[in-house]
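Okay, thanks for making room for me today. I'd like to walk you through one structure, a piece at a time, so let's put it up on the screen.

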Amino acid sequence: MKYSINWNLDSIFPGGIASPQLKARMADCEAKMPTLEQAINDWDAASDTDFSQAKAILSLQEDVENGLATIATFANMSLSADTSNQQAGVVLNQVQVLGTQLQQITLPLIKKLTALDDATFSKLVATPGLDTVAFGLNELRTQGKELLDDQSEAMISQLALDGFNGWSSHYDTLSADLHFPVTIDGKQLSLSAGQAQNRFESDPDPKVRETVFNSWETTWSQHAAPFADTLNHLAGFRLTNNRLHGTTDYMHKPLQLNRMSQTTLDQMWATVSANKKPFVAYLDQKAKLMGTAQMTWHDQWAPVTVGDYTPKVYTFDEAAEFIIANFAKFSQKMADFAEYAFDHAWIEAEDRPGKRPGGYMTSVPDVKEARIFMTFDGSAAGVSTIAHELGHAFHSSLLKDMPSMRRDYAMNVAETASTFAELIVADATVKAATSPEEKLNLLDAKMSNPLAMLLNIHARYLFERSFYDARQQGTVTVDQLRTLMTQAQETAYAGGLADFDPMFWADKLHFFIDDVPFYNFPYTFGYLFSSGIYAKAQQSGSNFEDDYIALLKDTANMDTETLAKKHLGVDLTKPDFWQQGIDLAAKDAQTFIDLSQQYL
């Protein structure tokens, strides 16, 4: 089978970012907003006895939301595929402005829902057509209790455009302008941030990795002041906004957005902290294979090469067939979906200049489809990345016909289907190895995930907690930021590293994202949650596929603890479930150690 390595966007808006259909859809959304505003202002639950007006309001709101989301997604995809596409940036800004207006228009609806007496609200959410979004409406009602008056909320949203959101965009501008000078093989090079990171993380030559990382650390340090300024202002805006809405607990919003309790989060990290030894042992063994006394920060991602093994290079078609075949071992519906995505050119995978780094899946509400962006390099890790994003897309496909409130699953459970799909393929590549050298290399590649989730992201979480504690007392200096980051890494890696990256607070984009506070712990949650599901899948009978799909369909319809109890029968506030997922990764670490002994 021959699959396209470029995605098809014409089925969304033909002709690219200047598409007449795109302009018409934006005009349509803008034209409907005054009608929506008027309908919300006129709505009175007492006279809306059958709640037909409420249904009409939510339907119109969803139509506008879908349109804006589709346009924003299309513009972002256009810019990802071609970073020189300036018009895409213009469209993104237009959509952001309209999105802010829509947010202000819908605030009175949330307040009216909040003001309803319990009996009327219960009747509303029991009404056919609204009962399917009862959980979402209850969430809106709860959040409505925290809202300020309309004028204050509108003012905060407007100020955020050039304040909060502006500082986040400022980080992108600052980091894009950095250049990292290095001398490799006698040649003087000036690398971008993305190029430099790729070289010190994956270059097979340890001297090159060290050279590039030294330049990396030096360059970020030389520009530390503006990055510290940016981070302080982002956090300052967020903390002030929290106080205005009645809370000084900076974890309130992250936990609310992820529909989980602090007790669950604390238990997850406590279980992770109690299980560092297998992963430190893996790092120690990998360091020995590299000929060093202890693992360094910049070598932790480097590939392991032993013997005369040459890593297998997959064509895009081979990757597709491998993924489809192995998905089918767990779920034929997953396999059929993946085949459909490949057949219909949903994936932009070509390795060419002018593309953004990284990968993602994005939903396109108007056409009820998804698209996947990545750059495929033919490696086993590249195959796993495609599988990961297809897992996201499969999850999205199960909800595509549901109301938007039933599609709005939280970030922590968003990683469930993706990590599950990635585990399937990563396991399959290891099992397909034809030599000990190949198996060792693939095990090492597979270990990069638990290493990131249980050590690296733990460091990010610990840093961000200590940073926000300090920021509540005032501006945090560059020296303080470096110290806090080093302390967090020392704790999270539990003696597994010889040195650290004190500038990680500046070079990690996730700390500067505005719309998602604490962009760290949901990844570890999703990884361990999906690992527990994967362990269950290996033990379950023929009904696993139906049970798994039922769980995914409920991800936006209940809090995290209820979801786990209903579909997995587990209590997330206890260590047992978390231990199960960690044990799977620890088993891989031990297998790596045992297999590598012959090469020392």
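What follows is a quick tour of some strands, a few helices, a loop histidine and a cavity. Keep in mind as we go that this is a predicted model.

Let's begin with the hairpin of β1 and β2. Strand β1 covers residues 180-184, and strand β2 covers residues 187-191. They run antiparallel to each other, joined by 5 bridges. If you want one pair to look for, P181 has S190 of β2 as its bridge partner. There are 2 residues between the strands, and D185 has a positive phi, near 55°.

Now, which side chains of β1 are buried, and which are not? They alternate along the strand: F180, V182 and I184 are buried and point to one face, while P181 and T183 point to the other face and aren't buried.

Next up, the open sheet. This one has 3 strands, and the order is β3-β5-β4, with mixed pairing. β3 (347-348) and β4 (360-364) are the edge strands, so to speak, each pairing on one side only. 

Where does the mix come from? On one hand, β3 pairs with β5 in the parallel sense, over 2 bridges. On the other, β4 and β5 run antiparallel, with 5 bridges joining them. A handy residue to click on is I372 in β5: it is the bridge partner of I347, and M361 stands opposite I372 too. Further along, you'll find S363 opposite A370 of β5.

How many residues of β5 are buried? The count is 4 of the 5, so β5 is largely enclosed by the rest of the structure. The hairpin of β4 and β5 has 4 residues between its strands, and there K368 takes a positive phi near 55°. And lying across β3, β4 and β5 is helix α16, residues 380-399, which runs at about 25° to β4.

Okay, on to helix α13, residues 277-289. Here's a little sanity check you can do on paper. With 13 residues at 1.5 Å a residue, the helix should span 18 Å, and its end C-alpha atoms are indeed 18 Å apart, which agrees.

What does α13 pack against? Its buried residues pack against α19 (436-471), α20 (478-493) and α25 (575-596). The buried set is F279, V280, Y282, L283, Q285, K286, A287 and L289. As a general reminder, an α-helix has 3.6 residues a turn, so residues three or four places apart point the same way. After α13 comes G291, with a positive phi near 80°.

Stay in that region for a second, because here comes the histidine: H298 sits in the loop between α13 and α14 (316-327). Is H298 buried or exposed? The relative accessible area of H298 is 7%, and the cut-off for buried is under 20%, so H298 counts as buried. Setting aside neighbours within four places in sequence, H298 is in contact with F200, E201, R209, E210 and F213.

Last stop, empty space. Searching the whole structure turns up 3 cavities of 30 Å³ or more. The largest cavity holds about 60 Å³ of space. Its lining is W43, A54, I57, L58, L109, L113, L124, L130 and L137. Helices α2 (52-81) and α3 (86-115) each supply at least two of those lining residues, and α2 has the largest share, with 3 residues.

That's my tour, so thanks, everyone.

How values were computed
Residues numbered from 1 in each chain as written. Predicted model: local features only at pLDDT ≥ 70, side-chain atom pairs only at ≥ 80, totals over all residues. Heavy atoms only, no water. Expected span 1.5 Å × (residues − 1). Buried < 20%, exposed > 50% of the residue type's maximum accessible area, 1.4 Å probe, protein only. Contact = heavy atoms within 4.5 Å. Pairing = 2+ DSSP bridges. Axes fitted to C-alpha atoms, helices over the stretch in contact; angles between N-to-C directions. 1 Å grid on protein atoms, 1.4 Å probe; cavity = no way out; pocket = protein on both sides within 12 Å on 5 of 7 lines; lining within 4 Å. Points joined across faces, edges and corners; volume = space filled by probe spheres on them.
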